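Let's walk through this structure together, starting with how its strands are arranged and ending with a single side chain. Have the view open as you read.

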Protein chains: 2
Amino acid sequence: MNLTGELLIGANARRGQGAEFHAVDAATEQALQAPTYYSAKSGDVDQACALAESAFDAYRTLPAERRARFLDDIAARIEALGDALIERAMSESGLPKARLEGERARTANQLRMFATLVRSGDALDARIEPALPERQPPRTDLRFQRIGVGPVAVFGASNFPLAFSVAGGDTAAALAAGCPVVVKAHPAHPGTSELVGRAIQDAVRHAELPEGVFSMLFDAGHEVGAALVAHPSIKAVGFTGSRAGGRALMAISNARAEPIPVYAEMSSVNPNLLMPAALTSRAETLARDFVASVTLGCGQFCTNPGLMLGIAGEGFERFAATAAQSIDGVQAGVMLTGGILRAYDAGIERFAANPAVTTLARGKAPEAGSRRAQAVLFRVSAKSLLADHTLADEVFGPCSVLVECADADELRTVLNRIEGQLTITLHLDDADQPAAQALLPILERKAGRILANGFPTGVEVCDAMVHGGPFPATSDGRSTSVGTAAIERYMRPVCYQNLPAALLPKALRDANPLGVHRRFAGRHERTPG
Amino acid sequence: MNLTGELLIGANARRGQGAEFHAVDAATEQALQAPTYYSAKSGDVDQACALAESAFDAYRTLPAERRARFLDDIAARIEALGDALIERAMSESGLPKARLEGERARTANQLRMFATLVRSGDALDARIEPALPERQPPRTDLRFQRIGVGPVAVFGASNFPLAFSVAGGDTAAALAAGCPVVVKAHPAHPGTSELVGRAIQDAVRHAELPEGVFSMLFDAGHEVGAALVAHPSIKAVGFTGSRAGGRALMAISNARAEPIPVYAEMSSVNPNLLMPAALTSRAETLARDFVASVTLGCGQFCTNPGLMLGIAGEGFERFAATAAQSIDGVQAGVMLTGGILRAYDAGIERFAANPAVTTLARGKAPEAGSRRAQAVLFRVSAKSLLADHTLADEVFGPCSVLVECADADELRTVLNRIEGQLTITLHLDDADQPAAQALLPILERKAGRILANGFPTGVEVCDAMVHGGPFPATSDGRSTSVGTAAIERYMRPVCYQNLPAALLPKALRDANPLGVHRRFAGRHERTPG
């Protein structure tokens, strides 16, 4: 497929009239060859949103099987892009081949998981309360299902050019919910975005859906994204990025005549608790696994373990020493963009210059001018952290802060003070269980996912995943961006009271023609089969 | 029970240090006898919130049966207040006895419904994705449940002194979700609030729960409410009231360091569509039933039918004539407060003075100085409504606007333009079904509840109810304030990855010791029994 650099607006592709920009090779910061990308203008936003709005009713009322097949088809078309997609994504993101192949598999599986969910009808949350004509006063028939909220704006994320981008989790969840999607492509991977965007556009055409089901806009700056979130036709927003970016979108939504949900995943340092018995028995293994996790993908995961908490002692010192040793051998890595690399460098220099912080060890220094990120491990006391909460701020990249707590009480105090997180991890042996049990209520309040004896960098796409968490990990801790529960962000409930049978949505008809799981008179209805 | 006018802060009762105020007889606007009520100050807010915060973990991890029994006990204690509660509520609200007895039954049933929901464990939405050790890469065990969000601030509403007040839907849902509650009592019914608040306080004591599970604060003004919503310990807000009030609370939340969900139910004119065949066959019956609904409880329901849409013609004229005739005989009624009465009078005078509006008929004029509200029926053309959207603004009270549409297209245009609503009602005969079917997608986008051949003023408390709707009907159209689904507003998901069995919440243990409904590997698990 030849890249053209065009905006995808419904069934059309056309050159934007705004500022031009080029894709950039992440490793060299050199502009990649053609095409030139052009930013959209407000007229493009209006048109994409108008098409999305007009597609909404037809798309959301499509039979489940057709919507599911459309999602499956997007997955197949992304896979069919083959090596061209992987190679383009490698250049634009600097991520290695195996990682991107894995991410592609995850992206396709995610689309298929939502197709399965659509077929099951579970997300409809169908409920029936039959009429009680004998009751005084009589009750009329009441039925309940969830429907899509309306057109959704999705922002591609820089760090997952496939799985959190054009056809990523938010797009898949919104399309599964019956919502048209307008994507604001991330300018760090416009070619990858165009390839995937055209695959979705083709799938829309193949399925003979209203063209407005999908559009994709480019912008070198922030204006298009701001206009999208402000547009009256847009009813929800999915975003993964910085805290400043997420807060800016929240502010735009709050200023709308009709505020809308903004699901922004923003920042997390993903505390890991090194429990005493685990440190005693296996500090060295833990330290080596930790260094592998924190430097994986050059540390560019939302779930990177950025804060390692332990209680002072011999085990803690062995952990620190082994981690320092391990990080020493880590090669400097390519980061996603020059901007991210410079923010990382500034972040680690700020830490290194802080008198409360010890620089435990650094990875291999990058060659001069090589535009690589050096891994770093810092160490602070819990007292310093409690005195200066910026020491628990996220620095996006391959670094982490080891925090020495005087005792279990101080560890508890630190946990009570930290901000909301995507994940918190317990490293524990059997003897640590009572102490861990006592901490669990705090962990539940602070994070969307609690792990034991693993590292949070892998995020399974499944029914039981929560990739979310209290503010500021995300703007809305009631939600997840990964897993089947992500569909809920783009749905709202509707009650049908005393409607003639012919007017009822199929899922709510007496005979249950779609065979969906339902609650009937407050009980789970036995489903056929 | 003797009223004392004290704040209820945890297990204690003490006099507020802020401005004093008195309960007012709604019918006469005369101050009721003792006690004097005193407003809370910021220190009281801090203390109530600190107690709520410290009660949260113990309360939310209570065995389901204990939490359920606590809810049942609140219901029993409210019933045990007997006539004293009804009489006090009659004086303070001006609502008639039968209505308040019905509301008390609804309030108690609502608490018991949530107790049943807690016992079932359904709101946990428990999910298990078992480990797949053979898969490459292997998958670890993942489990999912929902937990309470934290302490909730609930604002009592003036128009339902029991069912949407101190022990109303939001309090019941929050307590069921495992969240402590701090109520800001409505100053229009402080005695009713104190009676119910003390019943809850007694139930907390009887159940030996942490005292912070419930507190209640008085305030003659808005400062206490504002401080509550701004308090860092408060994690969600439930409010029913004016659009200005709801928007003010949303703004306070948005300005917090950690924004929180605000569930504000604000305004709705609850359009009713008078379909042509229904008008032809039964315009007169419809008109009489409509007048009964619009004047019920002096029109002080969120779901009052405030906008009646029909297509010009003979049936529409019969409807208008009969409605005018029927409203002519309606007695002037007592409103909840003097402020609400004056706002109503100003609202109807604004309509009456608008040259685009015809005053079709008025109910019986109130006697001079009697502080009663006169029912009114207005009539406008759809063209006028489309030219001036303020004609579709809510005027809270016994009035409604009859809108004449030139044809089905104009009716459709009006529907497409109206704001989000709690309800939309179809009055239809069999012959109207195709036209209604074509309108249904618009209705689903505009309202939380769609009714046929009834009036929206009754709101069933059950599994399939949605009392919510797109902005500005509410601040958050993803939610309902009535029915079991209301519990979701106060819950958030947590994922447990690879946790030792002993650390898992009971609902997620392999043997399912609580017998809750779960999803296992993506499928509904058969529950015992």
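**A sheet shared by two chains**

In this predicted model, twelve strands form an open sheet with mixed pairing, in the order 14(A)-15(A)-16(A)-13(A)-12(A)-17(A)-18(A)-19(B)-6(B)-5(B)-20(B)-21(B). Its edge strands are strand 14 (358-362) of chain A and strand 21 (523-524) of chain B, each of which pairs on one side only.

Now look at the place in that order where chain A hands over to chain B. Strand 18 (residues 447-452) of chain A runs parallel to strand 19 of chain B, and three bridges join them. If you want one pair to find on screen, try A:Arg449, whose bridge partner in strand 19 of chain B is B:Cys495. On its other side in the order, strand 18 of chain A has strand 17 of chain A as its neighbour. Strand 17 (residues 421-427) and strand 18 of chain A are also parallel, with five bridges between them; here A:Thr425 stands opposite A:Leu451.

Next, step back to the whole interface. How many residues does each chain bring to the contact? Chain A gives 76 residues and chain B gives 76 residues. Between them the two chains bury about 6,500 Å², with 50% of it on carbon and sulfur atoms. On the chain B side, B:Asp463, B:Arg478 and B:Leu503 lose the most area to chain A, together making up 12% of what that side buries.

Charged and polar pairs appear here too. The rule finds 20 salt bridges across the interface of chain B and chain A. In the one between B:Arg135 and A:Glu460, the closest N and O atoms are 2.4 Å apart. The side of chain B that touches chain A divides into 35 nonpolar, 15 polar and 26 charged residues. Across the same interface there are 47 residue pairs in polar contact. Several elements of chain B give two or more residues to the side that touches chain A, including helix 1 (42-60), helix 8 (243-255) and helix 14 (433-446).

Finally, turn to one residue of chain A. A:Phe316 lies in helix 10 (residues 314-328). Is A:Phe316 buried or exposed? Its relative accessible area is 1%, under the 20% cut-off, so A:Phe316 counts as buried. Leaving out residues up to four places away in sequence, A:Phe316 touches A:Leu279, A:Gly310, A:Ile311, A:Arg379, A:Leu402, A:Val403 and A:Glu404. As for A:Pro210, this residue is 106 residues from A:Phe316 in sequence and 60 Å from A:Phe316 in space, C-alpha to C-alpha.

Notes: Residues numbered from 1 in each chain as written. Chains lettered and ligands numbered in written order. Predicted model: local features only at pLDDT ≥ 70, side-chain atom pairs only at ≥ 80, totals over all residues. Heavy atoms only, no water. Helix = DSSP H or I, 4+ residues; strand = E, 2+ residues; numbered from the N terminus. Buried < 20%, exposed > 50% of the residue type's maximum accessible area, 1.4 Å probe, protein only. Contact = heavy atoms within 4.5 Å. Buried area = accessible area lost by both parts, 1.4 Å probe. Salt bridge = Lys/Arg side-chain N within 4 Å of Asp/Glu carboxyl O. Polar contact = N/O pair within 3.5 Å; in protein donor to acceptor, adjacent residues only side chain to side chain. Nonpolar A, V, L, I, M, F, W, Y, C, P; charged D, E, K, R; others polar. Pairing = 2+ DSSP bridges.
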